[in-house]
Amino acid sequence: MRFVHGDSNREVGNGPAVAVELQIRRLTAADLPTVQGIHSRIPIQDRSEAWDTFVSWYAAACHMGTFGPDWECSVLAEWRSEPAGFLLMHRDSRSSQVLRSHRIMVAAVDPAHWRKGIGREMADAAAEFCRQRGIQVIQSIVPDGRPGHSSFLEHCGFSVATRRMNPNGVRVYEKLLR
C-alpha cells in the first residue's frame, strides 16, 4: 500500500509503485460537505457526547469565514480518490507562547474504510503539520467508557497525561512532538 501525506505529496509505505491508495491533505473550508457526509455515516454509538458540537464548530467556522490558523492542522483522507475520513484539530485556547498545543476534537473514518489504518495515518499527518508549525503538544480528551478511543490514541503514540479520571469522567491523552 502507498500513502501520500500532505502538501508535498511525500510518499510513504512499501506497496506497488502503480497506485497511491491513500492521500491525506489539509482540510479546508471547501471540504465541509465532505465532512458532513462522512459524519452522517458514523454510527451514533461510535460518537462521543461532544462529537456533534465539534463538527458544528467546524461548520460554523466555514460559514462565517473564520476557518483559519486555529484549524490549520486538520486533515482529510481520501482512499482511491474517494473521501474516507477526517480529523478535526483545533488550537488549544489555553496554550501559551512557551508551549503551543492543538487538540484533536474529532477523528472519523467512514465505516466503509475501517480497518485500513486510515485513522492512524491521519493522526500521523496531522502531527507532521503541527511539527512544521512549531506546535509542541497534541492532546485529546477521552470520556470514560470509550476504550476504543483510548486504544486508538495509544496506537498513535499518545500517552495518558492524567493517570486518574478527572471529576468530569474524562482522561487526557497527549503526544509530545519533537
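This passage describes the overall fold, a helix pair and the aromatic contacts of a predicted model.

The protein chain contains four helices and nine strands. Read along the sequence, these elements follow the order β-β-β-α-α-β-β-β-α-β-α-β-β. Of the 178 residues in the protein chain, 46% are buried. Among contacts in the protein chain with a separation of 6 or more, 59% are accounted for by residues 24 or more positions apart.

Attention then turns to the packing of two helices. Two packed helices are described by the angle between their axes and by the distance between those axes. Helix H1 spans residues 32–41 and helix H2 spans residues 51–64. Their axes come within 10 Å and cross at roughly 165 degrees. Angles over 145 degrees count as roughly antiparallel, and H1 and H2 are therefore roughly antiparallel to each other. The crossing in which H1 passes H2 is left-handed. On the H1 side, the residues that meet H2 are Leu 32, Val 35, Gln 36 and His 39. Their counterparts in H2 are Trp 51, Asp 52, Val 55, Tyr 58, Ala 59, Cys 62 and His 63.

One residue of this interface, Cys 62, was examined further. Cys 62 lies in helix H2. Its relative accessible area is 15%, and because buried residues are those under 20%, Cys 62 is classed as buried. Leaving aside neighbours within four places in sequence, Cys 62 is in contact with Ala 29, Leu 32 and Phe 67. Leu 32 is also one of the H1 residues that meet H2. Cys 62 and Thr 28 are separated by 34 residues in sequence, whereas their C-alpha atoms are 8.4 Å apart in space.

Phe 67, a contact of Cys 62, also takes part in the aromatic pairing of the model. The count of aromatic pairs, formed by rings whose centres lie within 6.5 Å, comes to four. In one of these, Tyr 58 and Phe 67 are 5.5 Å apart, centre to centre, with 75 degrees between the planes. Because planes over 60 degrees apart count as edge-to-face, the pair of Tyr 58 and Phe 67 is of the edge-to-face kind. Both Tyr 58 and Phe 67 are buried. Ring pairs also bring in Trp 71, so that Tyr 58, Phe 67 and Trp 71 are linked into a cluster. Tyr 58 is in addition among the H2 residues that meet H1.

A further aromatic residue, Phe 129, is paired with a charge: Arg 26 lies over the face of the Phe 129 ring, at 5.3 Å from the ring centre.

Methods
Residues are numbered from 1 along each chain as its sequence is written. This is a predicted model: local features need pLDDT of at least 70, side-chain atom pairs count only at pLDDT 80 or more; totals for chains, interfaces and linings use all residues. Side-chain values use heavy atoms; hydrogens and water are left out. Rings of Phe, Tyr and Trp (its six-membered ring) pair if their centres lie within 6.5 Å; planes under 30 degrees apart count as stacked, over 60 as edge-to-face and the rest as tilted. Buried means under 20% relative accessible area, exposed over 50%, partly exposed in between (1.4 Å probe, protein chains only). A charge sits over a ring if NZ of Lys or CZ of Arg is within 6 Å of the ring centre and within 35 degrees of the ring normal. Axes are lines fitted to C-alpha atoms, for helices over the stretch in contact, and angles run from 0 to 180 degrees between N-to-C directions. Helices (H or I, at least four residues) and strands (E, at least two) are DSSP runs, numbered from the N terminus. Angles under 35 degrees count as roughly parallel, over 145 as roughly antiparallel, 65 to 115 as roughly perpendicular and the rest as oblique. A crossing is left-handed if the near helix is turned anticlockwise from the far one by less than a right angle, and right-handed if clockwise. Contact means heavy atoms within 4.5 Å.
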